[in-house]
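Welcome! Let's get to know a new structure together through some questions and answers. Have a look at the picture and sequence before reading on.

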Amino acid sequence: MGNSQASNAILAKARAMYGRRLTGHNYQDLLNCRDLPELISYLKTRTSYADALQEVNPVATRRASLEALLRQNLFEQYASLCRYEMNIGHDFYRYFIIRSEVQAISNRLQELHARDDDAAYIYNMPEFIKKHSKLNPAAVGAARDFKTLVFALEGTPYEKVLRPFADDPNFSLEENGILELEAGLDGYVYQEMEQIASTKLQGKSREDMLYLLRRQSDLQAIADIYRLKSMLHADRSFIEGRVSVKVSNMTARQLTHLMEAHDAKDVIHRLVATPYANEFYGASFRYIEEGVQKIDYRWHLKNLRFSTNPSVVLFCYIFLAENELTNIIHIIEGVRYDLSPDEIQEMLVGVGD
C-alpha cells in the first residue's frame, strides 16, 4: 500500500471507527440502567461493544472485570490503527507501544506504593503491541519493591529514566516520590514522540503534529500544577520535579509563571499569558480534570473532523475513544453507588456530539 493510500486509509478508518461511537440515545439508555447486569446487557446487545463482550455473562461479571475488558477493547483498536500507520512510515505507532509499556510500569509502581503484596498483577497487551514491546511483563509483575522493578527493566529505555531514583539512597516512593517517577516517564513518552514528529514529518504536517503533542503535555502539566497547588500548596521547587514540562508550546517564562502562582485559582488566572488563554476563557468546571477534558474534547473533535493530517486524526480518535471509555466508567460507578441519572450526567463529556 502506497503512502497516499495508507494515509487515506487512516483518515477513513479513524473516522469510521468514531462513527460507531455511543449516541446520545445510547447514553440516555445507559444512564437509566438500574444495575450492572442491565448495563452490561445493553452494551452487549445495543452498541459497538458487542464483539468485545460477546463471551460475557452479564449476571456473573464484576465491575473490575468489565472495565478491564473495555480497556482491552480500546487497546485492540489502537493495534488496528497501528497496522495502517506503519505503512506510511511515520512511526507514530510507537506511541501505542511506549504508552502501553509506561502504563504497565505505572500500574506496578502504584501497587508497590500501596504496599499490596497480594495485588494481582494482570496486564494483557494486545498481541500486536506485545510483539513490539521491550517489556518482560512477568519480571515487572514479580518485582516486590522499586529497586527490583528497575532491575526488571534492565535493557529498556525505562531503566535509564528510573535508575537515578533507584540509586539515590534518599529516594522513596513515599512523600510524593511516585509523582517524580511518573513525571519522568511522561517526559520520556513526549520526548520520544516529539523526536519522531521532528524527523518523520515536514512542513505543516510536522507543525500540526508537534503542536498536538506539546498541547497534550501542556494540558496535563496545567492540571498537575493546579492539583499540586490545590492539595499541597506546592511551591515552584516542589512542582518542577513532579510535573513533566520537557515538551511544551509554552515558553520557560510562561511555565515558571504558572508554577509560581499563589494558589490553584491563580493558576487559572495566569493562563491568560499562555497559548491556551482563549480556550480557558469563561470556562467553568468543578474539577480541573473536568475542565481540561472538556476543553481538550472540543479541540480533538474539531481536528478529527477537519484535519487532513492522518497522524493528527489518528491521535484525535485515540483521545475521543478514551473519553468515551471514561464516560462509560463514570456510568458504571454511578450505577454502583446508586446515583441519579442527572448526577451521573454531570460527569460525562461530549455526550451526543
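Q: Which residues does L212 contact, leaving aside its neighbours within four places in sequence?
A: In this predicted model, L212 sits in helix α11. Contact here means heavy atoms within 4.5 Å. Leaving aside neighbours within four places in sequence, L212 is in contact with W299, V312, F315 and C316.

Q: Is L212 buried or exposed?
A: A residue counts as buried when its relative accessible area is under 20%, and as exposed when it is over 50%. For L212 the relative accessibility is 0%, so this residue of the protein is buried.

Q: How far apart in space are L212 and S248, C-alpha to C-alpha?
A: Along the sequence, L212 and S248 are 36 residues apart. In space, going from C-alpha to C-alpha, the two are separated by 9.9 Å.

Q: Which residues is H300 in contact with, leaving aside its neighbours within four places in sequence?
A: Let's place this residue before listing its partners: H300 belongs to helix α16. Its relative accessibility is 0%, so H300 counts as buried. Once neighbours within four places in sequence are left aside, the contacts of H300 are Q216, F315, C316, F319 and L320.

Q: Which residues does L314 touch, not counting residues up to four places away in sequence?
A: You can find L314 in helix α17. L314 has a relative accessible area of 0%, and is therefore buried. Not counting residues up to four places away in sequence, L314 touches I10, L81, E85 and F96.

Q: What separates the C-alpha atoms of L314 and Y18?
A: Along the chain, L314 and Y18 are 296 residues apart. In space, the separation of their C-alpha atoms is 10 Å.

Q: Where is N309 placed?
A: Two helices help to locate this residue: α16 covers 288–306 and α17 covers 310–336. N309 lies in the loop between α16 and α17.

Q: Is N309 buried or exposed?
A: The cut-off for buried is a relative accessible area under 20%. N309 has 5% relative accessibility, so the residue counts as buried.

Q: Which residue has its backbone nitrogen 3.0 Å from a polar atom of the side chain of N309?
A: Leaving aside neighbours within four places in sequence, N309 is in contact with L11, S205 and D208. The side chain of N309 also has a polar atom that lies 3.0 Å from a backbone nitrogen, and that nitrogen belongs to S311.

Q: What is the phi of H233?
A: H233 is found in the loop between α11 (203–232) and α12 (236–240). With a relative accessible area of 67%, H233 is exposed. Although H233 is not a glycine, its phi is positive, at about 50°.

Q: What is the phi of D338?
A: The loop between α17 and α18 (341–345) holds D338. At 68% relative accessibility, D338 counts as exposed. D338 is not a glycine, yet has a positive phi of about 60°.

Q: How far apart in space are M231 and H330, C-alpha to C-alpha?
A: M231 is part of helix α11. Its relative accessible area is 61%, so M231 is exposed. M231 and H330 are 99 residues apart in sequence, and from C-alpha to C-alpha their distance in space is 23 Å.

Q: How many helices are in the protein?
A: Now let's step back to the whole chain. The protein has zero strands, and its helices number 18.

Q: What radius of gyration does the protein have?
A: A compact globule with 353 residues would have a radius of gyration near 20 Å. The C-alpha atoms fill a box of roughly 55 × 50 × 45 Å along the principal axes. The radius of gyration of the protein agrees with the compact globule, because its value is 21 Å.

Q: What share of the contacts with a separation of 6 or more comes from residues 24 or more positions apart?
A: Of the 353 residues of the protein, 50% count as buried. Among contacts with a separation of 6 or more, residues 24 or more positions apart account for 65%.

Q: How far apart are the mean positions of the positive and negative charges?
A: The protein has 41 positive and 48 negative charges. The mean positions of these two sets are apart by 5 Å.

Conventions: Residues numbered from 1 in each chain as written. Predicted model: local features only at pLDDT ≥ 70, side-chain atom pairs only at ≥ 80, totals over all residues. Heavy atoms only, no water. Helix = DSSP H or I, 4+ residues; strand = E, 2+ residues; numbered from the N terminus. Rg over C-alpha atoms; globule rule 2.2 N^0.38 Å. Buried < 20%, exposed > 50% of the residue type's maximum accessible area, 1.4 Å probe, protein only. Lys, Arg positive; Asp, Glu negative; His and termini not counted. Charge placed at Lys NZ, Arg CZ, Asp CG, Glu CD. Polar contact = N/O pair within 3.5 Å; in protein donor to acceptor, adjacent residues only side chain to side chain.
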